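Biologist: Let's go through this model together. I'll ask, and you reason from the coordinates.

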Amino acid sequence: MPERLQRPDWTVPAFEPLRWIAGADLMTVAASFWPRRFPLLPSPEDRLVEIEPGTRILVRCHWQAERRARPALVLVHGLEGSSESGYMRGTAERAWEAGFHVVRMNQRNCGGTEHLTPTLYNSSLSGDVRAVIAELIEREGLAEIFAAGFSLGGNLVLKMAGEMGEGAPGELRAVAGVSPSLDLAACASSLEAPRNWIYERYFVRRLKRRILRKAELFPERYRLNGMDEIRSIRQFDDRITAPYSGFRDAADYYFRASALRVIERIRRPALVVAAQDDPMVPFASFDRPEIREQPFIRLIAPRNGGHCGFISRWGGERFWVEGVVVEYFRRQSQLIGGDAAV
């Protein structure tokens with residue numbers, strides 16, 4: 001497949017935040033709790049994809065009528081999200097309207113799937129996304145596949161693209177990461193800041209509840225002494241994620257699982273959208289030569305937007321980033337009228 005660099009001829013619509021929630025924290029929280037409906041998204045076909053013996057993940061597929069004549073978009077959620085997260089369904093609906101098949105992927109244990117694997121999900125498992133793409137190529141015979149991830153999911157998608165490098169399948173046309181946590185150590189440090197205590201507490205409580213459910217299902221595998229002492233994401237990763245996922249400690253996990261380590265090797269068009277005021281993912285993660293000098297990456301960095309927020313003042317484009325991601329992929333697709341070089 002020939003190299004396809006970014007071209008500057010697509011003018012991305014400027015992001016104008018909804019004024020009364022323009023602050024980073026309000027934008028982040030409002031995006032999570034904003035009431036939404038998705039009347040145009042059809043009911044999904046649920047499918048279990050085997051990753052390895054004893055481990056399956058649930059993907060929710062929305063198929064267009066012309067199976068092989070349409071491109072597919074794989075969506076990957078963030079930390080403690082699922083296929084049902086608002087940004088997942090919102091992006092899915094936009095993509096469906098644009099003519100894409102849509103595959104909403106649940107990471108391991110998410111979306112009520114703890115029973116499908118004895119393992120935990122974590123930011124290193126880019127191979128799971130790759131397995132879903134392989135399923136679409138081999139089982140469905142699809143010619144064009146795109147992948148987009150949000151937060152932790154964005155790290156997974158970009159990490160996958162970097163790991164594959166020149167060897168990425170020709171069917172994988174482009175990828176995108178929205179507020180991707182591509183430097184995990186920096187994100188853990190950011191969450192430890194006093195101003196972010198509410199986010200850290202929220203995630204730690206949810207992660208604890210999840211590991212307790214896993215221990216009930218697989219008591220022979222998990223020994224959870226000292227759970228009450230865990231107060232931070234870094235402590236959780238040091239005591240739970242790392243030892244139960246094959247890493248020495250949190251520092252080893254963060255280094256090996258961060259997309260930043262391989263992002264220079266990406267050889268497919270890649271869109272990265274990151275707000276400069278993101279409270280969880282430091283913008284310094286993106287303001288570096290590995291990204292700014294990478295010819296395959298297009299970085300869009302609005303001043304405002306929070307973490308996976310981007311709630312616009314314009315009602316027709318209320319969730320701005322979802323439209324941007326879908327339009328980026330539409331322009332990469334040769335099957336639905338794009339120019340295949342943006």
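Biologist: How many nonpolar, polar and charged residues are in the lining of the largest pocket?

Modeller: This is a predicted model: local features need pLDDT of at least 70, side-chain atom pairs need 80 or more, and totals for chains, interfaces and linings use all residues. A pocket is an open set of points on a 1 Å grid over the protein atoms alone, with protein on both sides within 12 Å along at least five of seven lines; lining residues have an atom within 4 Å of a point. Ala, Val, Leu, Ile, Met, Phe, Trp, Tyr, Cys and Pro count as nonpolar, Asp, Glu, Lys and Arg as charged, the others, Gly among them, as polar. On that basis the lining of the largest pocket holds 17 nonpolar, 10 polar and five charged residues.

Biologist: Which residues lie nearest the centre of the largest pocket?

Modeller: Numbering starts from 1 along each chain as its sequence is written, and side-chain values use heavy atoms, with hydrogens and water left out. The space in this pocket is about 770 Å³, where a volume is the space filled by probe spheres set on grid points joined across faces, edges and corners. The lining counts 32 residues; nearest the centre are T28, A31, S32, Y87 and Y202.

Biologist: Which helices each supply at least two residues of the lining of the largest pocket?

Modeller: Helices (H or I, at least four residues) and strands (E, at least two) are DSSP runs, numbered from the N terminus. Those that pass the two-residue mark here are helix 1 (24-33), helix 2 (86-98), helix 6 (197-217) and helix 10 (320-332).

Biologist: Which residues are closest to the centre of the second largest pocket?

Modeller: About 220 Å³ of space lies in this second largest pocket. Its lining has 14 residues, and the closest to the centre are R36, E93, R318, F319 and E322.

Biologist: How many charged residues are in the lining of the second largest pocket?

Modeller: Helix 2 gives the most to this lining, with three residues. Four lining residues are nonpolar and three are polar. The charged residues number seven.

Biologist: Which elements give two or more residues to the lining of the largest cavity?

Modeller: There are two cavities of 30 Å³ or more, a cavity being a set of points where a 1.4 Å probe fits but cannot get out. The largest cavity has a volume of about 410 Å³. Its lining has 26 residues, with L79, L152, I233, D237 and Y253 nearest the centre. The elements that give two or more are helix 5 (184-191), helix 6, helix 7 (233-245) and helix 8 (250-257).

Biologist: How many residues in the lining of the largest cavity are charged?

Modeller: The nonpolar group has 17 members and the polar group seven. The charged ones number two.

Biologist: Are helix 6 and helix 7 roughly parallel or roughly antiparallel?

Modeller: Axes are lines fitted to C-alpha atoms, for helices over the stretch in contact, and angles run from 0 to 180 degrees between N-to-C directions. Helix 6 and helix 7 pack at about 25°, with axes 9 Å apart. Angles under 35 degrees count as roughly parallel, over 145 as roughly antiparallel, 65 to 115 as roughly perpendicular and the rest as oblique. So helix 6 and helix 7 are roughly parallel.

Biologist: Which residues in helix 7 meet helix 6?

Modeller: Contact means heavy atoms within 4.5 Å. On the helix 6 side are E200, F203, V204, L207, K208 and I211; on the helix 7 side are I233, F236 and I240.

Biologist: How are helix 3 (residues 126-138) and helix 4 (residues 152-164) set, parallel or perpendicular?

Modeller: Their axes lie 8 Å apart and the packing angle is about 80°. Therefore helix 3 and helix 4 are roughly perpendicular.

Biologist: How many residues in the contact of helix 3 with helix 4 are charged?

Modeller: S126, V129, R130 and I133 in helix 3 meet L156, V157, K159, M160, E163 and M164 in helix 4. Six of the contact residues are nonpolar and one is polar. The charged count is three.

Biologist: Is V175 buried or exposed?

Modeller: V175 sits in strand 6 (residues 172-178). Beyond four places in sequence V175 touches A147, V157, L158, M160, A161, P269, A270, L271, Y328 and F329. Its relative accessible area is 0%, and under 20% means buried, over 50% exposed, in between partly exposed. So V175 is buried.

Biologist: What phi does S179 have?

Modeller: S179 lies in the loop between strand 6 and helix 5. S179 is buried, with a relative accessible area of 0%. S179 is not a glycine, yet its phi is positive, at about 50°.

Note on methods: Buried means under 20% relative accessible area, exposed over 50%, partly exposed in between (1.4 Å probe, protein chains only).
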